[in-house]
Amino acid sequence: MLDTPNHDIPSGKLKCCQVCGSKRLELVIDLGHQPLCDSLPSETQLDAPETSYPLRQVWCRDCTLSQIDYVIPGEVVFHPEYPYRSGITKELAIYQDAFVQDAVSDLALESGQLVVDIGSNDGTLLSGFKQRGMRVLGVEPTNIARIAQEQGIDTLQAFFDEDTAQKIVETHGHAKVATATNVFAHVAKLGSFIRGLERLLADDGVFILENHYLLDVIEGGQFDTIYHEHLRTYSLKSIVKLFEFFDFTCVDARRVSRYGGNIRVYVAKGKGRPVKPSIAKLLKAEDDFGLSRPECYAGFRALAEKVKLDLLNLALDCKEKGLSFVGNSCPGRCSTLLNYVGIDRMLMPYICEQPTSLKLGLYLPGKHIPVVDNERLIREQPDYVVLLAWHYGEPIAAQLRARGLKSKLVMPMPELRILSI
Ligand SMILES: [Zn+2]
(Lines give C-alpha, C1' and ligand atoms only; values in the text may rest on other atoms or scores of the structure.)
Protein backbone atom coordinates (compact mmCIF):
# COMPACT_ATOMS: atom_id res chain seq x y z
CA MET A 1 0.00 0.00 0.00
CA LEU A 2 1.03 3.60 -0.62
CA ASP A 3 2.35 6.03 1.91
CA THR A 4 -0.98 7.15 3.37
CA PRO A 5 -1.88 10.84 3.76
CA ASN A 6 -4.08 11.80 6.70
CA HIS A 7 -7.61 10.95 5.58
CA ASP A 8 -9.13 12.14 8.84
CA ILE A 9 -9.33 15.68 7.58
CA PRO A 10 -8.77 18.37 10.22
CA SER A 11 -11.25 21.23 10.55
CA GLY A 12 -10.41 24.67 9.22
CA LYS A 13 -8.49 25.79 6.16
CA LEU A 14 -7.51 22.87 3.94
CA LYS A 15 -3.75 22.40 3.58
CA CYS A 16 -3.59 19.61 1.01
CA CYS A 17 -5.79 17.34 -1.13
CA GLN A 18 -8.21 15.31 0.99
CA VAL A 19 -7.55 12.14 -1.02
CA CYS A 20 -3.93 12.11 -2.21
CA GLY A 21 -2.25 14.72 0.00
CA SER A 22 -1.04 16.81 -2.95
CA LYS A 23 -0.51 20.55 -2.43
CA ARG A 24 -1.26 21.33 -6.08
CA LEU A 25 -4.75 22.74 -5.49
CA GLU A 26 -6.36 25.27 -7.83
CA LEU A 27 -9.54 27.33 -7.72
CA VAL A 28 -12.80 25.96 -9.12
CA ILE A 29 -15.07 28.74 -7.81
CA ASP A 30 -15.33 31.15 -4.89
CA LEU A 31 -18.96 31.46 -3.70
CA GLY A 32 -18.16 33.90 -0.91
CA HIS A 33 -18.79 33.33 2.80
CA GLN A 34 -22.02 31.42 3.40
CA PRO A 35 -23.89 29.93 6.37
CA LEU A 36 -24.52 26.15 6.61
CA CYS A 37 -27.27 25.35 4.12
CA ASP A 38 -29.16 22.95 6.40
CA SER A 39 -29.02 25.04 9.55
CA LEU A 40 -32.26 26.94 8.99
CA PRO A 41 -32.88 29.54 11.69
CA SER A 42 -36.20 29.64 13.53
CA GLU A 43 -38.07 32.87 14.24
CA THR A 44 -36.31 33.37 17.60
CA GLN A 45 -32.87 32.52 16.17
CA LEU A 46 -33.27 35.45 13.79
CA ASP A 47 -32.57 37.64 16.84
CA ALA A 48 -29.10 36.10 17.26
CA PRO A 49 -25.88 36.24 15.16
CA GLU A 50 -25.46 33.69 12.37
CA THR A 51 -22.11 32.12 11.47
CA SER A 52 -20.80 32.12 7.91
CA TYR A 53 -17.82 30.19 6.56
CA PRO A 54 -15.73 30.47 3.39
CA LEU A 55 -17.40 28.52 0.57
CA ARG A 56 -14.65 27.99 -1.94
CA GLN A 57 -14.05 24.97 -4.14
CA VAL A 58 -10.60 23.85 -5.32
CA TRP A 59 -9.44 20.93 -7.45
CA CYS A 60 -6.38 18.71 -7.20
CA ARG A 61 -4.05 18.64 -10.19
CA ASP A 62 -2.87 15.15 -9.23
CA CYS A 63 -6.05 13.12 -8.57
CA THR A 64 -8.71 15.61 -9.89
CA LEU A 65 -10.70 15.56 -6.63
CA SER A 66 -12.77 18.73 -6.37
CA GLN A 67 -13.10 19.84 -2.75
CA ILE A 68 -14.13 22.51 -0.31
CA ASP A 69 -11.13 24.37 1.06
CA TYR A 70 -12.57 25.09 4.51
CA VAL A 71 -13.70 22.08 6.55
CA ILE A 72 -16.34 22.31 9.30
CA PRO A 73 -16.58 19.53 11.93
CA GLY A 74 -19.28 16.91 11.25
CA GLU A 75 -21.01 17.50 14.62
CA VAL A 76 -21.61 21.13 13.63
CA VAL A 77 -22.94 20.34 10.15
CA PHE A 78 -25.02 17.28 11.06
CA HIS A 79 -26.59 18.65 14.20
CA PRO A 80 -29.35 16.53 15.81
CA GLU A 81 -32.10 18.72 14.31
CA TYR A 82 -30.74 18.32 10.76
CA PRO A 83 -33.87 18.73 8.60
CA TYR A 84 -33.35 16.45 5.60
CA ARG A 85 -35.61 13.40 5.15
CA SER A 86 -35.07 11.22 2.09
CA GLY A 87 -38.41 9.41 2.21
CA ILE A 88 -40.50 12.49 1.57
CA THR A 89 -39.33 13.07 -1.98
CA LYS A 90 -41.41 10.73 -4.10
CA GLU A 91 -38.94 10.67 -7.00
CA LEU A 92 -36.16 9.77 -4.60
CA ALA A 93 -38.11 6.92 -3.00
CA ILE A 94 -38.69 5.37 -6.45
CA TYR A 95 -35.06 5.90 -7.35
CA GLN A 96 -33.87 4.21 -4.17
CA ASP A 97 -35.93 1.15 -4.90
CA ALA A 98 -34.18 0.86 -8.29
CA PHE A 99 -30.84 1.14 -6.48
CA VAL A 100 -31.81 -1.84 -4.30
CA GLN A 101 -32.93 -3.86 -7.30
CA ASP A 102 -29.59 -3.22 -9.05
CA ALA A 103 -27.58 -4.21 -5.98
CA VAL A 104 -29.55 -7.42 -5.45
CA SER A 105 -29.05 -8.54 -9.04
CA ASP A 106 -25.45 -7.27 -9.53
CA LEU A 107 -24.21 -8.98 -6.38
CA ALA A 108 -26.63 -11.94 -6.42
CA LEU A 109 -27.68 -11.11 -2.87
CA GLU A 110 -29.54 -13.74 -0.89
CA SER A 111 -32.11 -13.36 1.83
CA GLY A 112 -30.71 -13.33 5.34
CA GLN A 113 -27.52 -11.48 4.34
CA LEU A 114 -26.73 -8.32 6.29
CA VAL A 115 -26.97 -4.92 4.59
CA VAL A 116 -25.81 -1.85 6.51
CA ASP A 117 -26.72 1.60 5.23
CA ILE A 118 -24.49 4.37 6.53
CA GLY A 119 -26.22 7.74 6.82
CA SER A 120 -29.47 5.80 6.57
CA ASN A 121 -31.70 8.83 7.15
CA ASP A 122 -35.31 7.67 7.62
CA GLY A 123 -34.58 4.13 6.42
CA THR A 124 -36.16 4.41 2.97
CA LEU A 125 -33.28 2.66 1.19
CA LEU A 126 -33.10 -0.16 3.73
CA SER A 127 -36.82 -0.82 3.58
CA GLY A 128 -36.24 -1.95 -0.04
CA PHE A 129 -33.58 -4.46 1.04
CA LYS A 130 -35.80 -5.59 3.91
CA GLN A 131 -38.70 -6.27 1.55
CA ARG A 132 -36.37 -8.51 -0.43
CA GLY A 133 -35.53 -10.60 2.61
CA MET A 134 -32.21 -9.15 3.75
CA ARG A 135 -31.35 -8.35 7.34
CA VAL A 136 -30.86 -4.60 7.60
CA LEU A 137 -29.28 -2.09 9.94
CA GLY A 138 -29.12 1.69 9.58
CA VAL A 139 -26.47 3.99 11.00
CA GLU A 140 -27.64 7.59 11.30
CA PRO A 141 -26.25 10.38 13.53
CA THR A 142 -29.25 12.72 13.57
CA ASN A 143 -32.64 12.43 15.28
CA ILE A 144 -34.11 11.20 12.00
CA ALA A 145 -32.86 7.80 13.26
CA ARG A 146 -35.93 7.77 15.54
CA ILE A 147 -38.28 8.11 12.59
CA ALA A 148 -36.60 5.11 10.93
CA GLN A 149 -36.85 3.11 14.15
CA GLU A 150 -40.57 3.94 14.43
CA GLN A 151 -41.02 2.71 10.87
CA GLY A 152 -39.50 -0.66 11.77
CA ILE A 153 -35.97 -0.16 10.41
CA ASP A 154 -33.41 -1.14 13.03
CA THR A 155 -31.19 1.96 13.33
CA LEU A 156 -28.16 2.86 15.40
CA GLN A 157 -27.97 6.58 16.15
CA ALA A 158 -24.25 7.22 15.66
CA PHE A 159 -21.56 8.50 13.32
CA PHE A 160 -19.95 5.63 11.43
CA ASP A 161 -16.35 4.93 12.37
CA GLU A 162 -14.16 2.00 13.51
CA ASP A 163 -15.84 1.80 16.92
CA THR A 164 -19.34 1.80 15.47
CA ALA A 165 -18.26 -0.90 12.98
CA GLN A 166 -16.87 -3.02 15.80
CA LYS A 167 -20.14 -2.73 17.74
CA ILE A 168 -22.13 -3.82 14.69
CA VAL A 169 -19.89 -6.83 14.08
CA GLU A 170 -20.34 -7.90 17.71
CA THR A 171 -24.13 -7.63 17.61
CA HIS A 172 -24.99 -8.46 13.97
CA GLY A 173 -21.92 -10.16 12.47
CA HIS A 174 -20.08 -9.03 9.32
CA ALA A 175 -22.01 -7.33 6.53
CA LYS A 176 -22.21 -8.57 2.96
CA VAL A 177 -23.02 -5.08 1.72
CA ALA A 178 -22.51 -1.60 3.11
CA THR A 179 -24.08 1.33 1.30
CA ALA A 180 -23.55 5.07 1.52
CA THR A 181 -25.72 7.17 -0.75
CA ASN A 182 -25.19 10.89 -0.70
CA VAL A 183 -22.98 10.44 2.39
CA PHE A 184 -19.47 9.60 1.28
CA ALA A 185 -18.77 13.18 0.18
CA HIS A 186 -19.85 14.48 3.59
CA VAL A 187 -17.53 12.58 5.94
CA ALA A 188 -14.61 14.51 7.43
CA LYS A 189 -13.09 11.50 9.22
CA LEU A 190 -12.72 9.64 5.95
CA GLY A 191 -9.85 7.42 7.15
CA SER A 192 -11.79 6.28 10.19
CA PHE A 193 -14.84 5.69 7.99
CA ILE A 194 -12.96 3.44 5.52
CA ARG A 195 -11.13 1.55 8.26
CA GLY A 196 -14.61 1.01 9.75
CA LEU A 197 -15.70 -0.48 6.42
CA GLU A 198 -12.68 -2.81 6.46
CA ARG A 199 -13.81 -4.03 9.87
CA LEU A 200 -17.52 -4.22 9.06
CA LEU A 201 -17.50 -6.09 5.76
CA ALA A 202 -17.15 -9.84 5.28
CA ASP A 203 -14.16 -10.98 3.18
CA ASP A 204 -16.38 -11.10 0.09
CA GLY A 205 -18.21 -7.93 1.12
CA VAL A 206 -18.86 -4.94 -1.12
CA PHE A 207 -19.22 -1.27 -0.34
CA ILE A 208 -21.54 0.64 -2.68
CA LEU A 209 -21.16 4.37 -2.69
CA GLU A 210 -23.17 6.88 -4.61
CA ASN A 211 -22.59 10.61 -4.76
CA HIS A 212 -22.91 13.63 -6.96
CA TYR A 213 -20.36 13.28 -9.73
CA LEU A 214 -17.72 15.80 -10.75
CA LEU A 215 -18.21 15.25 -14.46
CA ASP A 216 -21.95 16.03 -14.21
CA VAL A 217 -21.37 18.96 -11.88
CA ILE A 218 -18.82 20.57 -14.21
CA GLU A 219 -20.54 19.68 -17.46
CA GLY A 220 -23.93 20.88 -16.18
CA GLY A 221 -22.64 24.04 -14.46
CA GLN A 222 -24.17 22.78 -11.19
CA PHE A 223 -22.37 25.10 -8.82
CA ASP A 224 -25.31 24.83 -6.39
CA THR A 225 -24.11 21.30 -5.43
CA ILE A 226 -21.22 23.05 -3.70
CA TYR A 227 -21.93 23.58 -0.02
CA HIS A 228 -20.12 22.91 3.24
CA GLU A 229 -21.70 19.48 3.72
CA HIS A 230 -20.15 18.34 0.44
CA LEU A 231 -16.51 18.24 1.41
CA ARG A 232 -15.62 16.45 -1.79
CA THR A 233 -17.00 16.21 -5.32
CA TYR A 234 -15.53 12.99 -6.62
CA SER A 235 -14.18 12.08 -9.99
CA LEU A 236 -13.79 8.34 -10.47
CA LYS A 237 -10.05 8.93 -10.71
CA SER A 238 -10.03 10.31 -7.17
CA ILE A 239 -12.17 7.44 -5.82
CA VAL A 240 -9.85 4.84 -7.33
CA LYS A 241 -6.88 6.71 -5.87
CA LEU A 242 -8.51 6.86 -2.43
CA PHE A 243 -9.16 3.14 -2.17
CA GLU A 244 -5.60 2.33 -3.26
CA PHE A 245 -4.60 3.44 0.23
CA PHE A 246 -6.86 0.80 1.83
CA ASP A 247 -7.70 -2.91 1.55
CA PHE A 248 -10.21 -2.39 -1.27
CA THR A 249 -10.55 -2.55 -5.05
CA CYS A 250 -12.91 -0.39 -7.15
CA VAL A 251 -14.54 -3.00 -9.37
CA ASP A 252 -17.47 -1.34 -11.14
CA ALA A 253 -18.75 2.20 -11.76
CA ARG A 254 -21.68 3.80 -13.53
CA ARG A 255 -23.32 7.17 -13.98
CA VAL A 256 -26.84 7.43 -12.57
CA SER A 257 -29.47 10.15 -12.64
CA ARG A 258 -30.07 11.12 -9.03
CA TYR A 259 -29.68 14.81 -8.06
CA GLY A 260 -28.94 15.74 -11.66
CA GLY A 261 -26.06 13.29 -12.07
CA ASN A 262 -24.42 10.85 -9.68
CA ILE A 263 -21.69 8.26 -9.77
CA ARG A 264 -22.22 4.84 -8.22
CA VAL A 265 -19.14 2.77 -7.48
CA TYR A 266 -18.89 -0.82 -6.24
CA VAL A 267 -15.82 -1.26 -4.07
CA ALA A 268 -14.90 -4.85 -3.18
CA LYS A 269 -13.03 -5.72 -0.02
CA GLY A 270 -9.50 -7.01 -0.68
CA LYS A 271 -6.85 -6.20 -3.25
CA GLY A 272 -6.68 -7.54 -6.79
CA ARG A 273 -10.40 -8.25 -7.28
CA PRO A 274 -11.60 -8.59 -10.90
CA VAL A 275 -12.33 -5.13 -12.32
CA LYS A 276 -15.10 -4.54 -14.86
CA PRO A 277 -14.38 -2.56 -18.06
CA SER A 278 -16.73 0.19 -16.80
CA ILE A 279 -13.89 1.56 -14.67
CA ALA A 280 -11.42 2.13 -17.52
CA LYS A 281 -14.21 3.46 -19.72
CA LEU A 282 -15.30 6.11 -17.24
CA LEU A 283 -11.71 7.11 -16.43
CA LYS A 284 -11.19 7.71 -20.13
CA ALA A 285 -14.39 9.79 -20.36
CA GLU A 286 -13.10 12.01 -17.53
CA ASP A 287 -9.78 12.46 -19.25
CA ASP A 288 -11.40 13.19 -22.62
CA PHE A 289 -13.66 15.80 -21.03
CA GLY A 290 -10.65 17.58 -19.54
CA LEU A 291 -11.12 17.18 -15.79
CA SER A 292 -7.36 17.47 -15.38
CA ARG A 293 -7.16 20.77 -17.30
CA PRO A 294 -7.74 24.30 -15.86
CA GLU A 295 -9.81 25.49 -18.89
CA CYS A 296 -12.55 23.11 -17.87
CA TYR A 297 -13.02 24.98 -14.56
CA ALA A 298 -12.83 28.43 -16.17
CA GLY A 299 -15.82 27.45 -18.32
CA PHE A 300 -17.68 26.32 -15.20
CA ARG A 301 -17.11 29.69 -13.51
CA ALA A 302 -18.41 31.51 -16.56
CA LEU A 303 -21.65 29.47 -16.46
CA ALA A 304 -22.14 30.27 -12.77
CA GLU A 305 -21.63 33.98 -13.36
CA LYS A 306 -24.20 33.95 -16.15
CA VAL A 307 -26.78 32.29 -13.88
CA LYS A 308 -26.10 34.94 -11.25
CA LEU A 309 -26.65 37.83 -13.66
CA ASP A 310 -29.72 36.34 -15.36
CA LEU A 311 -31.55 35.34 -12.19
CA LEU A 312 -30.78 38.56 -10.36
CA ASN A 313 -31.86 40.63 -13.37
CA LEU A 314 -35.16 38.76 -13.55
CA ALA A 315 -35.78 39.26 -9.83
CA LEU A 316 -35.00 42.99 -10.05
CA ASP A 317 -37.12 43.38 -13.14
CA CYS A 318 -40.10 41.75 -11.37
CA LYS A 319 -39.61 44.02 -8.37
CA GLU A 320 -39.58 47.13 -10.54
CA LYS A 321 -42.70 46.10 -12.41
CA GLY A 322 -44.57 45.04 -9.27
CA LEU A 323 -44.74 41.36 -10.30
CA SER A 324 -44.60 38.65 -7.64
CA PHE A 325 -41.51 36.40 -7.67
CA VAL A 326 -41.33 33.45 -5.25
CA GLY A 327 -39.49 30.13 -4.82
CA ASN A 328 -40.67 26.54 -4.81
CA SER A 329 -38.79 23.77 -2.89
CA CYS A 330 -36.02 24.37 -0.42
CA PRO A 331 -33.31 21.75 -0.99
CA GLY A 332 -29.91 22.40 0.64
CA ARG A 333 -28.50 23.53 -2.69
CA CYS A 334 -30.90 26.47 -3.02
CA SER A 335 -29.12 28.11 -0.11
CA THR A 336 -25.91 28.17 -2.17
CA LEU A 337 -27.78 29.49 -5.19
CA LEU A 338 -29.73 32.29 -3.49
CA ASN A 339 -26.86 33.38 -1.26
CA TYR A 340 -24.46 33.49 -4.22
CA VAL A 341 -26.91 35.30 -6.49
CA GLY A 342 -27.92 37.68 -3.69
CA ILE A 343 -31.68 37.20 -3.59
CA ASP A 344 -33.26 38.11 -0.26
CA ARG A 345 -36.82 38.32 1.00
CA MET A 346 -37.35 41.74 -0.51
CA LEU A 347 -36.99 40.14 -3.96
CA MET A 348 -38.39 36.70 -3.04
CA PRO A 349 -40.90 37.00 -0.17
CA TYR A 350 -41.25 33.25 0.43
CA ILE A 351 -40.20 29.73 -0.58
CA CYS A 352 -42.81 26.97 -0.68
CA GLU A 353 -42.32 23.42 0.55
CA GLN A 354 -44.56 20.41 0.76
CA PRO A 355 -46.65 20.18 3.95
CA THR A 356 -44.55 17.29 5.36
CA SER A 357 -41.25 19.17 5.09
CA LEU A 358 -39.22 19.60 8.28
CA LYS A 359 -38.23 23.06 7.01
CA LEU A 360 -41.70 24.64 7.22
CA GLY A 361 -41.83 27.63 9.55
CA LEU A 362 -38.05 28.10 9.36
CA TYR A 363 -35.96 30.56 7.29
CA LEU A 364 -33.42 30.20 4.51
CA PRO A 365 -29.90 30.53 6.01
CA GLY A 366 -28.28 33.87 5.27
CA LYS A 367 -31.12 35.46 3.35
CA HIS A 368 -33.86 34.63 5.90
CA ILE A 369 -36.60 34.00 3.35
CA PRO A 370 -39.50 32.21 5.16
CA VAL A 371 -40.33 28.62 4.16
CA VAL A 372 -44.12 28.17 3.89
CA ASP A 373 -46.66 25.51 2.92
CA ASN A 374 -46.94 25.16 -0.87
CA GLU A 375 -50.71 25.43 -0.68
CA ARG A 376 -50.03 29.18 -0.73
CA LEU A 377 -48.77 28.96 -4.32
CA ILE A 378 -52.07 27.66 -5.59
CA ARG A 379 -53.99 30.24 -3.57
CA GLU A 380 -51.90 33.24 -4.61
CA GLN A 381 -50.90 32.24 -8.17
CA PRO A 382 -47.72 34.40 -8.20
CA ASP A 383 -46.44 35.81 -11.49
CA TYR A 384 -43.16 33.87 -11.33
CA VAL A 385 -42.24 30.71 -9.38
CA VAL A 386 -38.56 29.73 -9.36
CA LEU A 387 -38.06 25.95 -9.26
CA LEU A 388 -35.22 25.81 -6.76
CA ALA A 389 -35.11 21.99 -6.99
CA TRP A 390 -34.53 22.48 -10.72
CA HIS A 391 -32.73 19.11 -10.94
CA TYR A 392 -36.22 17.61 -10.49
CA GLY A 393 -37.73 20.49 -12.46
CA GLU A 394 -39.79 18.55 -15.01
CA PRO A 395 -41.76 16.32 -12.60
CA ILE A 396 -42.23 19.19 -10.15
CA ALA A 397 -43.55 21.45 -12.91
CA ALA A 398 -45.99 18.73 -13.98
CA GLN A 399 -47.23 18.27 -10.38
CA LEU A 400 -47.72 22.02 -9.89
CA ARG A 401 -49.61 22.32 -13.17
CA ALA A 402 -51.80 19.37 -12.20
CA ARG A 403 -52.67 21.19 -8.97
CA GLY A 404 -53.80 24.19 -11.00
CA LEU A 405 -50.78 26.51 -10.82
CA LYS A 406 -50.81 28.97 -13.71
CA SER A 407 -47.68 31.00 -12.86
CA LYS A 408 -44.66 31.28 -15.13
CA LEU A 409 -42.16 28.67 -13.90
CA VAL A 410 -38.48 29.58 -13.83
CA MET A 411 -35.73 26.98 -14.23
CA PRO A 412 -32.80 28.94 -12.79
CA MET A 413 -30.01 26.59 -13.90
CA PRO A 414 -27.91 25.47 -15.73
CA GLU A 415 -29.22 28.29 -17.92
CA LEU A 416 -32.22 30.38 -16.97
CA ARG A 417 -35.40 29.25 -18.77
CA ILE A 418 -39.00 30.36 -18.33
CA LEU A 419 -41.75 27.79 -18.81
CA SER A 420 -45.11 29.32 -19.67
CA ILE A 421 -48.30 27.26 -19.64
ZN1 LIG B 1 -5.49 14.77 -4.93
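The following questions and answers concern local features of a predicted model.

Q: Why is N182 called buried?
A: A residue is buried if 20 or more other C-beta atoms lie within 10 Å of its own, and N182 has 20 C-beta neighbours inside 10 Å, so N182 counts as buried. The residue sits in the loop between strand 9 (175-181) and helix 6, and N182 has a positive phi of about 55° although it is not a glycine.

Q: Why is H368 called partly exposed?
A: The class of partly exposed residues falls between 12 or fewer neighbours, which is exposed, and 20 or more, which is buried; H368 has 15 other C-beta atoms within 10 Å and is therefore partly exposed. H368 belongs to the loop between strand 15 (351-353) and strand 16 (371-373), and its phi, near 60°, is a positive value in a residue other than glycine.

Q: How do you know that the buried residues of helix 5 are on the same side?
A: The buried residues of helix 5 (residues 162-172) are T164, A165 and I168. They cover an arc of only 100° around the axis, and therefore they lie on the same side of helix 5. These buried residues pack against strand 6 (114-118), strand 7 (135-139), strand 8 (155-156) and helix 6 (190-200).

Q: What follows helix 5, and what is the sign of its phi?
A: Helix 5 is followed by G173, whose phi is positive, near 85°.

Q: What kind of peptide bond joins M413 and P414?
A: The bond between M413 and P414 is cis, with omega about -10°, and P414 lies in the loop between strand 18 (408-411) and strand 19 (417-419).

Notes
Residues numbered from 1 in each chain as written. Predicted model: local features only at pLDDT ≥ 70, side-chain atom pairs only at ≥ 80, totals over all residues. Helix = DSSP H or I, 4+ residues; strand = E, 2+ residues; numbered from the N terminus. Arc of directions from axis to C-beta. Contact = placed C-beta atoms within 7 Å.
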